[in-house]
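Biologist: Please show me the model, and then let us go through it by question and answer.

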Amino acid sequence: MKRVIILTISFIFLCFPTFILKAQKVALVLSGGGAKGVVHVGVLKALEENDIPIDYITGTSMGAIVGGLYASGYSPQEIESFVTSDEFMRLASGVIDKKYRYYFKQESRNASWINIKFYYDISQNKIRSKLPTNIISPFEMDFEFMQLFASASAVADYNFDSLLIPFRCVASDIEANEAVIMDRGQLGNAIRASMTFPFYFMPINIDGKLLFDGGMYNNFPSDIAVDAFNPDVIIGSKAAGNYGSPSQDDIISQIQNMLVAKTDYDVILNNGVLIEHDLGKVNILDFSRTKEFIDSGYIRTMDNMDEIKSMIHERINREERQKQREEFNIRKPQLVIDTINVKGLNKSQSRYVYNILKKRALLTTLKDIKKEYFQLFADDKISYIFPELKYNKESGYYDLFLDVKPSENFIVKFGGNISTTSANEAFFGINYRYLSSFAATVAGNAYIGRFYSSLQARTKFDFPSRPMLYTELGYTYNHRNYFKNTTYFIEDVTPSFLVENESFIWFDIGIPITNTGKLVGGVSLVRDKDEYYQTNSFSRLDTTDVTYFDFYTPRILFELNSLNYKQYANRGIRLIMLANYVNGIEKNIPGSTSINREEFCKHHNWFQFKLIYDNYFERIGPLKLGFYGELLISDQPLFNNYISTIMASPAFEPLPESKVLFLPKYRAHNYAAAGLKIIGHILKKLDFRLEGYLFQPYQEIIQKPDLSVGYGEKFSNRSYMGTAALIWYSPIGPLSISVNHYDRAYDQFSIFANFGYIIFNRSAIN
């Protein structure tokens, strides 16, 4: 009897080897498709819930991201949480997390529209510029991919067959004009290459090959699944399709057809299921419907589940799958860094990078170094860093390799403002950037306009100390000619010929205070020259009064700034606390229209404190609310006459137009002002703004009947201003039209249309 049983078992083994000796193997193939590719997450959720085994994964582009995460030990729930997060939206759009944007490193605001970078090529004796190769900034994405996949790569010993699930993805080598199958190396780099759609993302160099999106040659790698893994069953998830025929008047359709080859969306095997997702037309990087697409992928897979189960007889329950995942993840080495290696820079430049990244401890984690890593990007001396973590088996830690590219040495800037009033101006600037063991910028700019003209030259040094600090030495000349401005900008009794000339040199030392703030101490040596008539009745033969004020002013500035735009911001906070001490000599030379013909000279000194708070804080439906407050406290004295006193007094100028008008009733030595802003978001780049402000001086500066100067009653004669504006944020600057109201001006209403920025070089005091 025993012999019969043995013979029977042997017969079964011989006759049915496929079922006994070989378990049924399933490959999952995930297509590209940009934002639509998140449907693959829903597919994974449905397959896991129904205990469908996944033995191999191949993917392209977004399919490579989702498949690579799954193969690395992330659950469908963890992948869903990642792709629906604000973090993922930032990675896709190239916007660096506000935690890693450093205001301390930013250049002062100016009126530039476009920046052109170039460098001098010594070998060719030519000036060369580089066109940008990408729309989306890859900096945070590269760091995040390294962080997501480095430990899985280490566990697999950089062999994709040894991941939790054997994996392949596809990239494109445009030089060889062929697809590249990624099966080993840094998993994060392979996936980054596979999803690098041309012009959107910067290409990546792997083993000397410049690689792009795999969808250019193979957007559905079912053939790779067959060749690499020889599966029994293929489950395909198709989130993309071939582009339609190019249109004669649509350049995008023409580029797509030139770049992307036709793909055969076929599972190849007889035992195969193709899950097709009909999601309509979606922009490649529009992740606003991610949750909807994931749910759609789940539902569509469930619709195909009976067919899938009919082909796949094996099952793996969730407990067993989770156990395998946990066993794989527990083997992942913690991301602890032992050494940092920099290439692409000379020895002095590398020292600058090391000094910023250095930590007191011998070992550091990726999390601990992240803040300093992004400080490097905030520095305009560095254009690009590609990071890699390589696991060192001997030390048990990782080595961090940074491939750093310095920025082009020169930047030329063009901009200005085009207006229906005399606020027209042209802006030109040039920066020279130098990187060694410290970083330096030598810069100059010029504004040329009917109302405002200016020249500035400055030198700034950034030192990689602890804390980081900078020093800046500069010279500025500002010229404002209010006579060339709009006719009715002040009350009729106030003279219309007013010219301000300010020239000063300054020296500042600054340190960062949080990532959005800085503390600056400095001193300026200043000469103000104001020219004016004290009456509106003057002729060509008359001469102006001239007031000189030569002074020095040390200052301390504390500033926080997270506003999203340099003009017409609609998100963020700005806080300024500025303390000045002013000490100088006023000299007045009377003109032919002056009542007092004697020269006047007097010493003045005063303290001044200014507080500005600008916050966009609340959203009510489609509306965003904002608050603006300003406080000025000083013991500034009166000058020789009313006009010289008003011209030397701080001004409240919250509206762009108010910065180009001379409004005496909105100037005072001590005042408080506040306003509310309501912003309606009409279209993606189109806002409607309503703003209203109250200005309350402690004592109004008044002109007495004898033309001398004095103070009015305390807390009297408050003033109001407001605006209704429509703003379109173009790629190079805002286009706006506004109706403005100043209740204590001769011409109370104005219509103001302009394109560009009403932003000026710094003044010595305000």
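**Questions on the model**

Biologist: Does Thr514 count as buried or exposed?
Modeller: Buried means under 20% relative accessible area, exposed over 50%, and partly exposed in between, with a 1.4 Å probe and protein chains only. Thr514 has a relative accessibility of 53%, so it counts as exposed.

Biologist: What kind of model is this, and how are residues numbered?
Modeller: Numbers run from 1 along each chain as its sequence is written, and side-chain values use heavy atoms, without hydrogens or water. Local features need pLDDT of at least 70, side-chain atom pairs count only at pLDDT 80 or more, and totals for chains, interfaces and linings use all residues, because the model is predicted.

Biologist: How many helices and strands does the chain have?
Modeller: Both are DSSP runs, numbered from the N terminus: helices are H or I with at least four residues, strands E with at least two. The chain has 766 residues, and 53% of them count as buried. Its C-alpha atoms fill a box of roughly 135 × 50 × 50 Å along the principal axes. The count is 16 helices and 32 strands.

Biologist: Where does Thr514 lie, and what is its phi?
Modeller: Most residues other than glycine have a negative phi. Thr514 is not a glycine, yet its phi is positive. It sits in the loop between strand S20 (498–512) and strand S21 (517–532). Its phi is about 65°.

Biologist: Which loop holds Asp51?
Modeller: Asp51 also has a positive phi, near 60°, in a residue other than glycine. Its place is the loop between H3 and strand S2 (56–60).

Biologist: Which residues does Ser524 contact beyond its neighbours within four places in sequence?
Modeller: Ser524 is in strand S21. At 1% relative accessibility, it counts as buried. Contact means heavy atoms within 4.5 Å. On that basis the partners of Ser524 are Phe504, Ile505, Trp506, Phe551, Tyr552, Thr553 and Ala764.

Biologist: How far is Gly236 from Ile765 in space?
Modeller: Gly236 belongs to strand S9 (residues 233–238). It is buried, at a relative accessible area of 0%. Outside its neighbours within four places, its contacts include Val29, Phe220 and Val267. Ile765 is 529 residues away in sequence, and the C-alpha to C-alpha separation is 67 Å.

Biologist: Why is helix H8 (residues 187–194) called largely enclosed?
Modeller: Its buried residues include Leu187, Ile191, Arg192 and Ser194. H8 is largely enclosed by the rest of the structure because its buried residues number eight of the eight.

Biologist: What arc do the buried residues of helix H11 (residues 290–303) fall within?
Modeller: The expected span of a helix is 1.5 Å times one less than its number of residues. H11 has 14 residues and should span 20 Å, which agrees with its end C-alpha atoms, 20 Å apart. Its buried residues are Thr290, Phe293, Ile294, Gly297 and Thr301. Judged by the directions from the helix axis to the C-beta atoms, they line one face, within an arc of 100°.

Biologist: Which elements do the buried residues of helix H13 (residues 318–330) pack against?
Modeller: The buried residues are Arg321, Arg325 and Phe328. They are on the same side of H13, because they cover an arc of only 65° around the axis. The face turned away from that side carries exposed Glu319 and Ile330. The buried residues pack against H3, helix H4 (62–71), H5 and helix H7 (139–155).

Biologist: How is H3 (residues 39–49) set against H13?
Modeller: Axes are lines fitted to C-alpha atoms, for helices over the stretch in contact, and angles run from 0 to 180 degrees between N-to-C directions. The angle is about 120°, with the axes 9 Å apart. Under 35 degrees counts as roughly parallel, over 145 as roughly antiparallel, 65 to 115 as roughly perpendicular and the rest as oblique. So H3 to H13 is oblique.

Biologist: How many residues of that contact are charged?
Modeller: Leu47, Glu48 and Glu49 of H3 meet Arg318, Arg321 and Arg325 of H13. Asp, Glu, Lys and Arg count as charged; Ala, Val, Leu, Ile, Met, Phe, Trp, Tyr, Cys and Pro as nonpolar; the others, Gly among them, as polar. One residue is nonpolar, none is polar, and the charged ones number five.
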